[in-house]
Amino acid sequence: MGRWFGAIALVLALIFGLGQGQSFAEGTTDEPVVEWLTFDVPQADQAKFIETELEIWNPIDRRSPAFVRKEIWQDADHPDQLTVVVSWSSQALRKVVSPEEVEAAEKAFDKAMGKSYPILEKKEFRNLSTTN
């Protein structure tokens, strides 16, 4: 039944133009988003990576009124990969930090770590449904 309800709701939204001219895929600019960044980090470097991530990026993330929380996950199938998952309450309020400040933080992070860690995957997700 849940699948049919979702399909019916989507059809009704498309028919009645909910979103006032925006396509379903576009969404709104002020909705919650989850940022997903996967890095190639050898297990021997992971404790320092996490410590440095929290030290350098947390103060920057927390400057945004949209910051909700940050989690760092290790991939069970690829233990040399860490995924940083950041939840934001608002896409519109999320990017209060300038690109120059982001670049400076990236350089400070790499300097503190003694090397750069490549981003293997970068994604953003919008929540379409919540269950408890």
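**Start with a ring cluster**

Select Phe-39, Phe-49, Phe-109 and Tyr-117. Ring pairs link these four residues into a cluster. Keep in mind that the model on your screen is predicted. How many aromatic pairs does a search of the whole structure find? The search finds 5.

Now pick out Phe-67 and Trp-88. Their ring centres are 5.7 Å apart and their planes stand at 75 degrees, so this pair is edge-to-face; planes over 60 degrees apart count as such. Phe-67 belongs to strand 2 and Trp-88 to strand 3, so the pair ties together parts that are 21 residues apart in sequence. Are the two residues buried or exposed? Phe-67 has a relative accessible area of 14%, so Phe-67 is buried. Trp-88 has 5%, so Trp-88 is buried. The cut-off for buried is under 20%.

**Zoom out**

Show the whole chain as a cartoon. You should find 4 helices and 4 strands. Follow them from the N terminus: the order is α-β-α-β-β-α-α-β. The protein has 132 residues, and 27% of them count as buried. Next, think about contacts between residues at least 6 apart in sequence. Of these, 74% join residues at least 24 apart.

**Walk along helix 2**

Select residues 46-62. This is helix 2, with 17 residues. From its first C-alpha to its last, helix 2 reaches 22 Å, close to the 24 Å expected at 1.5 Å a residue.

Stop at Ile-56. Helix 2 bends here by about 35 degrees. Look a little further on: a proline, Pro-59, follows within four residues.

Which residues of helix 2 are buried? Colour Gln-46, Phe-49, Thr-52, Glu-53, Ile-56, Trp-57, Asn-58, Ile-60 and Asp-61. Then show what these buried residues pack against: strand 1 (33-40), strand 2 (67-74), strand 3 (81-88) and helix 4 (99-113).

Two residues of helix 2 deserve a click each.

- Asp-61 is found in helix 2. Its relative accessible area is 10%, so Asp-61 is buried. Leaving out residues up to four places away in sequence, Asp-61 touches Phe-67, Lys-70 and Trp-88. You have met two of these partners: the rings of Phe-67 and Trp-88 form the edge-to-face pair.
- Lys-48 also lies in helix 2. Its relative accessible area is 41%, so Lys-48 is partly exposed. Lys-48 touches Ala-112 and Met-113, again not counting residues up to four places away in sequence. Draw a distance from Lys-48 to Ala-112. Their C-alpha atoms are separated by 9.3 Å, although the two residues are 64 residues apart along the chain.

**Cross to helix 4**

Select Asp-110, which is found in helix 4. Is Asp-110 buried or partly exposed? Its relative accessible area is 27%, so Asp-110 is partly exposed. Set aside neighbours within four places in sequence, and Asp-110 is in contact with Lys-115, Ser-116 and Tyr-117. Tyr-117 is one of the residues in your opening ring cluster.

Now draw a line from Asp-110 to Thr-52. Their C-alpha atoms are 9.4 Å apart in space, while the two are 58 residues apart in sequence.

**Look into the largest pocket**

Switch on the surface. The largest pocket holds about 670 Å³ of space. How many residues line the largest pocket? The lining has 25 residues. Highlight Glu-35, Leu-37, Trp-57, Val-102 and Glu-106, which lie nearest the centre of the pocket.

Colour the lining by element. Strand 1, helix 2, strand 3, helix 4 and strand 4 (119-126) each give two or more residues. Which element gives the largest share of the lining? Helix 2 does, with 5 residues.

**Finish at Glu-31 and Arg-126**

Go to the loop between helix 1 (2-16) and strand 1. Glu-31 is found there. Its relative accessible area is 15%, so Glu-31 is buried. Which residues does Glu-31 touch, not counting those up to four places away in sequence? They are Ser-89, Ser-90, Gln-91 and Arg-126.

Move on to Arg-126, which lies in strand 4. Its relative accessibility is 31%, so Arg-126 counts as partly exposed. As a last step, draw a distance from Arg-126 to Glu-35. The two are 91 residues apart in sequence, and 9.3 Å apart in space, C-alpha to C-alpha. Glu-35 is one of the residues nearest the centre of the largest pocket.

Key:
Residues are numbered from 1 along each chain as its sequence is written. This is a predicted model: local features need pLDDT of at least 70, side-chain atom pairs count only at pLDDT 80 or more; totals for chains, interfaces and linings use all residues. Side-chain values use heavy atoms; hydrogens and water are left out. The expected span of a helix is 1.5 Å times one less than its number of residues. The bend at a residue is the angle between axes fitted to the seven residues ending there and the seven starting there. Buried means under 20% relative accessible area, exposed over 50%, partly exposed in between (1.4 Å probe, protein chains only). Contact means heavy atoms within 4.5 Å. Rings of Phe, Tyr and Trp (its six-membered ring) pair if their centres lie within 6.5 Å; planes under 30 degrees apart count as stacked, over 60 as edge-to-face and the rest as tilted. On a 1 Å grid over the protein atoms alone, a cavity is a set of points where a 1.4 Å probe fits but cannot get out, and a pocket is an open set with protein on both sides within 12 Å along at least five of seven lines; lining residues have an atom within 4 Å of a point. Grid points are joined across faces, edges and corners, and a volume is the space filled by probe spheres set on the points.
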